[in-house]
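This report considers the surroundings of a ligand, two residues with unusual backbone angles, and the arrangement of one sheet. The structure is shown first, and the text then takes these topics in turn.

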Amino acid sequence: MWKHRDAAARGAAEYKGMVEAFKEGSLTPEQFAKGRGLYGVYAQRVPGTYMVRVRIPGGILDLDGLELVLGAARARGLLKVHATTRQDIQFHGLVLEETVRLVEDLARSGLSVKGSGGNGARNVALPPEAGFLEGEVFDVAPHGLAVERHLQEEPLAFSLPRKFKIALSPLDADPAGARIADLGLIARIRDGERGFCAYAGGGLGRNPKESLLLVDFLPERRLLALVRGTLEFFAREGDWKDRSKARLRHIRDRMGDKAFGEGILAAYAATGDIPLVLEEEGIPKGRRRKGSVSLRPPGGEYHLGELEQVRRHLQELPGPVCLRLTNNQGLWVGNLGVREARRFAAAFASLRPRFPLEGSLGCVGASICSIGIGKPQETLEAVVRRFLLEPPAIRRALPALQMSGCPSSCARHQVASIGCMGRIKKIDGSPVPAYTLFLGGSMDGAGVRMGDAYGEIRAVDLPDFLVALARLKVEAGAGEVDFDRFLEEQGEAVREMADRWKV
Ligand code: SF4
């Protein structure tokens, strides 16, 4: 696992200083709340409790990282940890003093919390299978970690108008989501030279947008110059006053695509070369073994006992095993022999979805997140319980859901085949928990398609609605058919059905 002890120690000292200033009264509660987010510390719903999010660079956890996470969680008496869609790990339910001790403990091991939240550059997103994907142009993990190093050493990266997300994909299918990132890079080779197709100004949230193509070939050696130039452009042109208009894509809205793209490229051109040192830690050397297994417990909740068993099992295997967090809250185990993979999959069948819906993506929602509206984890549990009452054909008919507890889109509901966004709907004057339903979103080599909104369904009705949707699909003879194709062919029937359920 890639670590940066100095940067992590600096971040921990800054956070500790901030907590002390708050306790002494030199920071108001509002100032403290605003400041601690940058260190991945957020207040939970239960007063006096906090969650801490730690950066797992590129999601490359490996066995040593898993051991660190397990040790840190156990020392605090936690029973589970949460994996995020940004390939980070969250520790929940801590009192303030414990957040300081945890951040310090993690920093001693080289893990940083800085920028895992707040207005700064977040963890660099990489596909977990980077280096192992069929048809990839080249392994982008060493580049992703080089970008991560640059960010962790660059103060500007943590002093921005809003959050800033970078993603690198090794092939056009774009498994890392480069085309919906603030800055996205997709591997290319031109005339034998390695480089990237670069995009900027995309993102989900309240104002979802596919990124703008900046340049179709950025030489590899200029990668960090583009990162640096984009950060400078963002800091200079971004809206520092109005948080709701402060993302990079809002500059694009304001300036128009042409001026936005030219502005970033001018900042890039003015930035001299920054040496690119490709990182090797956590990157397997030599021939790579093809066996792999993905674990995906519901909602990204990992019980420590299960993780400990995973660790012990993998520790016994020969050769370096890859253990990486995925952007759908899963854990990808790779570089295994085929037989080892089979045995591992059988041993951890309980951490693998029995049917696609069971592997749905859900943010922590309002039970933990202080700005959350819906409770995706609870709704997902109800959905799975409801589908377990149905015959196998119905259970298998729908793909995994992507459920966000609010418009912040942590579960990327807009680019899901079936996405749900938590909201409160007034019915007969009373507030009722509901979800806005989005269907038909996607993100692949063909580009990004935002799902269409199909109205609001009451949270309590969602399990039955989904069963009805699965039945409609099966009865149309499309039980095994890809959901997006079914939607293309039966869009009208689906719309009519959603209209009957919506409130
Ligand atoms: S989507 Fe909203 S509720 Fe869910 S974790 Fe993100 S901010 Fe919190």
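In this predicted model, the ligand is surrounded by C363, G365, C369, I371, G372, S404, G405, C406, S408, S409 and C410. Sorted by class, this shell comprises 5 nonpolar and 6 polar residues, while charged residues are absent from the shell.

Two glutamines deserve attention for their backbone geometry: Q87 has a positive phi although it is not a glycine, and Q329, likewise a residue other than glycine, also has a positive phi. The table sets out their values and places.

| Residue | Phi | Loop | Relative accessibility |
|---|---|---|---|
| Q87 | about 65° | between β3 (80-83) and β4 (89-94) | 1% |
| Q329 | near 70° | between β11 (322-325) and β12 (331-336) | 2% |

Because its relative accessibility is 1%, under the 20% limit, Q87 counts as buried, and Q329 is buried as well, with a relative accessible area of 2%.

An open sheet of 5 strands follows the order β13-β14-β15-β16-β19, and its pairing is mixed. Since β13 (361-362) and β19 (452-458) stand at the edges and each has a single partner strand, one side of each is left without a neighbour in the sheet. For β13, the partner is β14 (residues 402-404), which runs parallel to β13 and is joined to it by 2 bridges; here L361 stands opposite Q402 of β14. Elsewhere on the sheet, helix α14 (residues 483-501) lies across β15 (418-427), β16 (430-439) and β19, and runs at about 40° to β19.

How values were computed
Residues are numbered from 1 along each chain as its sequence is written. This is a predicted model: local features need pLDDT of at least 70, side-chain atom pairs count only at pLDDT 80 or more; totals for chains, interfaces and linings use all residues. Side-chain values use heavy atoms; hydrogens and water are left out. A residue is near a molecule or strand if one of its heavy atoms lies within 4 Å of it. Ala, Val, Leu, Ile, Met, Phe, Trp, Tyr, Cys and Pro count as nonpolar, Asp, Glu, Lys and Arg as charged, and the others, Gly among them, as polar. Helices (H or I, at least four residues) and strands (E, at least two) are DSSP runs, numbered from the N terminus. Buried means under 20% relative accessible area, exposed over 50%, partly exposed in between (1.4 Å probe, protein chains only). Two strands pair if DSSP finds at least two bridges between them. Contact means heavy atoms within 4.5 Å. Axes are lines fitted to C-alpha atoms, for helices over the stretch in contact, and angles run from 0 to 180 degrees between N-to-C directions.
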